[in-house]
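Biologist: Could you pull up the model for us? I'd like to talk through how some of its pieces pack together.

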Amino acid sequence: MKQGYDKKAIFRFYEELNDFLPAGERKRDRIYYFRGNPSVKDAIEAQNIPHTEVDLILVNGRPVSFDHKLKNSDRVSVYPVFESFDISGVKQDSGPVRDSRFILDVHLGKLAKYLRMAGFDTFYRNDLKDDEIIKRSVEENRIILTRDKGILKNSLVQKGYYIRSQNPWEQLKETILRFQLQSSIQFLSRCMECNGIIAEVKKKEIEKFLKPGTSRNFDKFFRCTNCGRIYWEGSHFTRMKQYYKDLKTFLDDAG
Ligand SMILES: [Zn+2]
């Protein structure tokens, strides 16, 4: 027994949970030494896995909740959210959140715009502190997306996901696949600036705000019902449409 400890358990982390382990320690049994009766959640987080990444825990073959107390010689299998095999029969809580709402950490401003472009309710401000992000996520039932594992280890966090990619466009794909949002995309239904809902607006109502060139060349307009920003099918729109086409192709290929 390791000095200072009187109990040990064997942990095995599956699939992408291994992303959080050192390279040499992935996809194999890990011996976890402990004292007293820690919860299985604390033991998992002590091994650097945010609890929000975990969907199913089996202790000696039986599903347990996060507050299960660890005992000497326990064998613990830990599975990520949406493992590829069907775990619906043994799952403890509700299934995939298709009506997903998000809140993003301050470093994910580009992803916030892309998520809104795809129609997902996304709260983002570049001056939010961690505790404000957590509070709002709980109050508004929003999933925290972050590249900061520290936030996800906070025990108040209920739903969160650690974004792997550093590229905003890849982050969007990653988020859609992770939360199985393929069929929930509503392209250009939300304002990329403020998250408000966009609705079509008659040209004559907003004509006075347009530059002459825009007014001459376009007839179809949309307006954010929150901030008033006006959208039309100009070059920016065309680029977004191309992005969307690429996204659809990628998602179709991903199955
Ligand atoms: Zn807006």
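Biologist: What is the handedness of the crossing of H2 and H5?

Modeller: Heads up, this is a predicted model, where local features need pLDDT of at least 70, side-chain atom pairs count only at pLDDT 80 or more, and totals for chains, interfaces and linings use all residues. Residues are numbered from 1 along each chain as its sequence is written. Helices (H or I, at least four residues) and strands (E, at least two) are DSSP runs, numbered from the N terminus. A crossing is left-handed if the near helix is turned anticlockwise from the far one by less than a right angle, and right-handed if clockwise; for H2 and H5 the crossing is right-handed.

Biologist: Which residues of H2 make the contact?

Modeller: Residues count as in contact if their C-beta atoms, placed from the backbone, lie within 7 Å. On the H5 side you'll find Pro168, Trp169, Gln171, Leu172 and Thr175. On the H2 side it's Lys110, Leu111, Tyr114 and Leu115.

Biologist: Okay, on to the sheet. Which strands stand at the edges?

Modeller: This open sheet has 5 strands in the order S2-S1-S5-S3-S4, with mixed pairing. Strands pair if DSSP finds at least two bridges between them. Each edge strand has a single partner, so one side is left without a neighbour in the sheet, and these are S2 (30-34) and S4 (62-64).

Biologist: And which residue stands opposite Val59?

Modeller: Strands S3 (residues 54-59) and S5 (residues 75-80) pair in the antiparallel sense over 5 bridges. Across from Val59, in S5, stands Val76.

Methods:
Contact = placed C-beta atoms within 7 Å.
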